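Trainee: Could you walk me through reading aromatic contacts in a model like this?
Mentor: Sure, let's pull it up.

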Amino acid sequence: MIHVWTLLISLAGFAALALAMDRHQEDLFGRELSPRVTRLLRIVGWAGLLLALGVIVGRQGWALGLVSYSGCTSLAAGLVFLALVVHQRRRA
Amino acid sequence: MTPAAKWSAAADAAKATEAAEATEATEAAKPARPAKPKPRGIRQTMSDLHTWSGLLAGWLLYAMFLTGTVSYFKEELSDWMRPEVAWQAQTDAGEVAQRVADHLGQVAAGTSQWSLTLPTERSNTASAFWRMPQATPGARRTFGSANFNPATGQEVKARDTLGGEFFYRFHFQFYYMPVIWGRWLAGFCAMFMLVAIVSGVITHKKIFVDFFTFRWGKGQRSWLDAHNALSVFGLPFHAMITYTGLVTLMALYMPWGDQAAYKSPAQRQELNMQVNAFLQPGKAAGVAAPLAPVDAMVREAQARWGKDQVGRVTVTNPGDSSARVAVTPGDGSRVSMSPQYLLFDGVSGKLIEVHDKVGPAAEVRGVMYALHLGRFSDLQLRWLYFIVSLAGTAMVGTGLVMWTVKRRQQLPDPQRPYFGFRLVERLNIAAIAGLSIAMAAYLWANRLLPTDLAARGAGEVNVFFGVWGATLLYAMARPARRAWIELLWAGAAVLALLPVLNALTTARPFWRSVAVGDWVFAGVDLMLWALALLHVMLALKAQRHKPRVKPARKAGPRAVERAKDDAVAGTGTGTGASAGTGTGTGPGPGVAGSATSAREGA
């Protein structure tokens, strides 16, 4: 269960980070978002990744926690990537 | 592929590079630059290093990655490959240890050491190996091994197979060659991998900007984006797994340090105790004495570590008055493989020593070892290991394919590629599509070879290599594109039909496994279908891949210029052209810039 939470939080974090990039803003909204929103998204993204680390390390300790964290973040980044590709394809 | 299609593929790929280069050129050309060619920068030399270290070891690395990936489920695979061994609920570890120990007394009579691995949630049987009594002093050490039914202690009568252990062993020592050679070869490949990872990171100048970028349908650009995504997302894992892979065999690769430091036998034994939980049998006293009850020792360990935390029981000189028993915790308890054990007197059954810590250096090695094997993982973490490791396999695969994608456009005559190109192209097909078929064939052989066949376990492995070799011959005989498509479809078919074969040849078809809650069997069946689906998707992708027909003129002038640059740089095959440093001979920044943005906007 703790893995699911870590995965979901890092998923949200990576999604926010992707939304903070102009290329993907263009892709999703057809325009660039304002610098303020972008900065906010970037902060939320990094905070999400840190929170995920805190959650898993708090439960499993540093040894196991870091290993799980690395797995969850890899998977989460991959899922965000795939979602963007799917979106791009459906629009095309 | 028809000649026309081939040519347009080349033109298409050329266009993709051109777009990529144009991007680079715009960036590079912002400040006014002198017309003189610059010396090759760090990124370009690293790019070459990345290309060649990746290619030379690539085919073996792909096989090492894929067999290593499935080895995270080797226990499950081994169970699946011994369908005679019925699935059963867990029993008490102490009782199992005692039952099997009683039988080992007969099966391995006269041995100086036996070691028993207790069953776990993931493995149905207790397994043991023992030293064969030496016929003549100084002869080669040989070992016997067997699996035991935890409920009865009897030796399991199942078909002779190496099970998932074959993939695991192949992953770091290959087959058909002395173990030491295999491990050295694996070490060289791992070192190449490490070089490829580091040089790849240096080459990839836009890790953050392009983090989530994938440009669909742009030939080489798309391949590069996919390769980057697979590499970057799993980077912590890829770097860790490669480095720790080398650490697992470091004593073999670099023995000089401890050879110089530890000279006397006593020192060497001390070193051994720091890295190894296996007791080395001492000299037997020659006085017969029965082995004390093992179950009591296992219970004492359970009291110390927890009920499910006992992994292994090792006995030296059983039946002798010098007998020693070591009880070792299972792999699940901690992220380290450094030896921990309770040492008991084998005759009185008294606890002699608690070995629970090692020096810092040995502990570092223990942690790295454990990280590589991932045996501490619970089910979720094991799946994460599997998925990211599969991404690593795809990373190597896309890298291999990219070598040909990148060079196809530069072929002087696309219909008659030079020898090296054809070699790489065909080896790629066999190494990637062929390996899936060979691994599935190994499982087919497991179900189809007669159970009473002599040396059956080795027979299954011979089928694996036979089929793998056959896919290479097939890849050489067919046009490359057809070979990809046909072999991917074949892979999908043999994978998808395996659960069917299982249902026909065993009493444990998928629906029954689900009904009784046997998730090892059901899980392997499901996984085979999932992998079959993956192959269907790849096959469809390869089939639908229609190179867009574009006027060829775009490739013209730049290709000539590239050829000139290469002649100057002396790289011959044109590796520099796509490394993305733009040697300053391209069109002006304005033209290139607008071309790029037009394409990106499209």
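Trainee: Are B:Phe166 and B:Phe464 buried or exposed?
Mentor: Both B:Phe166 and B:Phe464 are buried (under 20% relative accessible area, with exposed over 50% and partly exposed in between; 1.4 Å probe, protein chains only). This is a predicted model, where local features need pLDDT of at least 70, side-chain atom pairs count only at pLDDT 80 or more, and totals for chains, interfaces and linings use all residues. Side-chain values use heavy atoms, without hydrogens and water, residues are numbered from 1 along each chain as its sequence is written, and chains are lettered from A and ligands numbered from 1 in the order in which they are written.

Trainee: How many aromatic pairs does the whole structure have?
Mentor: A pair of rings is described by the distance of the centres and the angle of the planes. Rings of Phe, Tyr and Trp (its six-membered ring) pair with centres within 6.5 Å; planes under 30 degrees apart are stacked, over 60 edge-to-face, the rest tilted. The search finds 41 over all chains. Take B:Phe166 and B:Phe167: their centres are 5.5 Å apart and their planes at 45°, so that pair is tilted. B:Phe167 is buried, with a relative accessible area of 2%.

Trainee: And what kind of pair do B:Phe166 and B:Phe464 form?
Mentor: An edge-to-face one, with 5.1 Å centre to centre and 75° between the planes.

Trainee: Which residues share the aromatic cluster with B:Phe166?
Mentor: Among them are B:Phe167, B:Tyr442, B:Phe464 and B:Trp468.
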